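I set out to record how the strands, helices and nonpolar cores of this model are arranged. The entries follow the order in which I looked things up.

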Amino acid sequence: MLKGRRKFLGLIPGFVVASSSSILLSFNTQKILVMLVLAIAFFFASIIPIRIAVALHQAPIPQAILVLGSASERMEFAARFWQSHTNVDIWVSDYARNLDVNRRIFQQFDVPNQRLHLDGRTDTVTNFTTLVEDFIRQKLQHIYLITSDYHMKRARAIAAIVLGSHGVAVTPVEVPSQGEESETLMRVVRDCGRSILWIVTGRTGASFNPRLEKL
C-alpha cells in the first residue's frame, strides 16, 4: 500500500519523494549547521567580554570620541562634549554627503580640523567595521560612543561585537531626542547578525539590502 502511494506521488509533476537516506542526510546537515552556529555564539559570548574587560583595565579613561551621524544635533552635542575633553580626537561616521556640513558644525564650536576624522559610510554596522582598524592602528582601547538615545541600544550591541572582538571598549554618551521611540529588538538582532557575519567572513551583508538605513 505504501509502495503504491509513493509510486503515485512520484507521478505528480513537481512532486519529489525523498528517500529515507536523503532525509537523514538533510537532518544531519542541519544538525551540523546548528552545532556550528552554537559553537560560534559560545565563542563570542566567552571571548568578547574578556577582551572588553582587558581594554577597560588597560585604558579606564576613553581615548577618543566616536559620533554616529545622520543628525546634526549629534554633531553639536559632540562638539560641546569635546570642549571638556579637548585632549582626544573626534571620529565621525556619516553619509558622505553630510561630512562637509558636519565639519562646519565642529568649526563653529572651535574644534580644530586636526582633531577631526570624518568617514563616509551608509549604515550603523559599517560605521564600526570600517573604523575598527583605524582605532587599532591608533592604539585606542576605549572610546566614547555618541549617538541619539533611541539609537544607542543598537549601536552598543554592534559596538560590543565589532569593537569588542578587537579589544576596544566603549562608554556610551546619549544625545537626548524629541520623543523618538527606541529601536525595535528585531533591528538590534538583525545588525548583531550582520556584525557576526563580518567577523566570520569580512562582509556585513549590506549588499543584500541596499536600503539598509543608518538609523
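I took two strands as paired if DSSP finds at least two bridges between them. The model is a predicted one, and every entry below should be read accordingly.

**Entry 1: the sheet**

I looked up the pair β4 and β5 and found seven bridges joining these strands, which run parallel. Within this pair, Tyr144 stands opposite Thr171 in β5. I then turned to β1 and β4, which are also parallel and are joined by three bridges. Here I noted two facing positions: Leu66 is opposite Leu145 in β4, and Val67 is opposite Ile146 in β4.

I next traced the whole sheet. It is open and consists of five strands in the order β3-β2-β1-β4-β5, with parallel pairing. Which strands stand at the edges? I found β3 (116–120) and β5 (169–175) there; each has a single partner strand, so one side of each lacks a neighbour in the sheet. On average, neighbouring strands are turned by 20° against each other, direction ignored.

**Entry 2: helices on the sheet**

I checked which strands α4 touches and found β2 (89–94) and β3, so listed for a helix that packs on the sheet. The direction of α4 makes about 160° with that of β3. I did the same for α7, which packs on the sheet and touches β1, β4 and β5. Its direction makes about 150° with that of β4.

I also asked how many residues of β4 are buried. The count is seven of the seven, so β4 is largely enclosed by the rest of the structure.

**Entry 3: the nonpolar cores**

I examined the largest nonpolar core, which has 20 residues. Those with the most contacts inside this core are Leu66, Phe128, Phe135, Leu145 and Leu163. At least two residues each are supplied by β1 (64–68), α5 (124–129), α6 (132–137), β4 (142–148) and α7 (152–162). The largest share, five residues, comes from α7.

I followed Leu66 further. Leaving out residues up to four places away in sequence, Leu66 touches Trp91, Phe128, Leu131, Phe135, Ile143, Tyr144, Leu145 and Ile146. Apart from the largest core I recorded another, of 19 residues, among them Trp82, Val92, Phe106 and Ile146.

**Entry 4: α3 against α4**

I looked up the packing of helix α3 (residues 72–82) and helix α4 (residues 99–108): their axes come within 9 Å and cross at roughly 35°. The crossing is right-handed. On the α3 side the contact is made by Ser72, Met75, Glu76, Ala78 and Ala79, and on the α4 side by Asn102, Ile105 and Phe106. I sorted these contact residues into five nonpolar, two polar and one charged.

**Entry 5: Ile61**

I located Ile61 in the loop between α2 (20–58) and β1. Is Ile61 buried or exposed? Its relative accessibility is 63%, and the cut-off for exposed is over 50%, so Ile61 counts as exposed. I also noted its distance to His142: the two residues are 81 apart in sequence and 7.0 Å apart in space, C-alpha to C-alpha.

Notes. Residues numbered from 1 in each chain as written. Predicted model: local features only at pLDDT ≥ 70, side-chain atom pairs only at ≥ 80, totals over all residues. Heavy atoms only, no water. Axes fitted to C-alpha atoms, helices over the stretch in contact; angles between N-to-C directions. Helix = DSSP H or I, 4+ residues; strand = E, 2+ residues; numbered from the N terminus. Left-handed = near helix turned anticlockwise from the far one by under 90°. Contact = heavy atoms within 4.5 Å. Nonpolar A, V, L, I, M, F, W, Y, C, P; charged D, E, K, R; others polar. Core = buried A, V, L, I, M, F, W, Y, C linked by side-chain atoms within 4.5 Å. Buried < 20%, exposed > 50% of the residue type's maximum accessible area, 1.4 Å probe, protein only.
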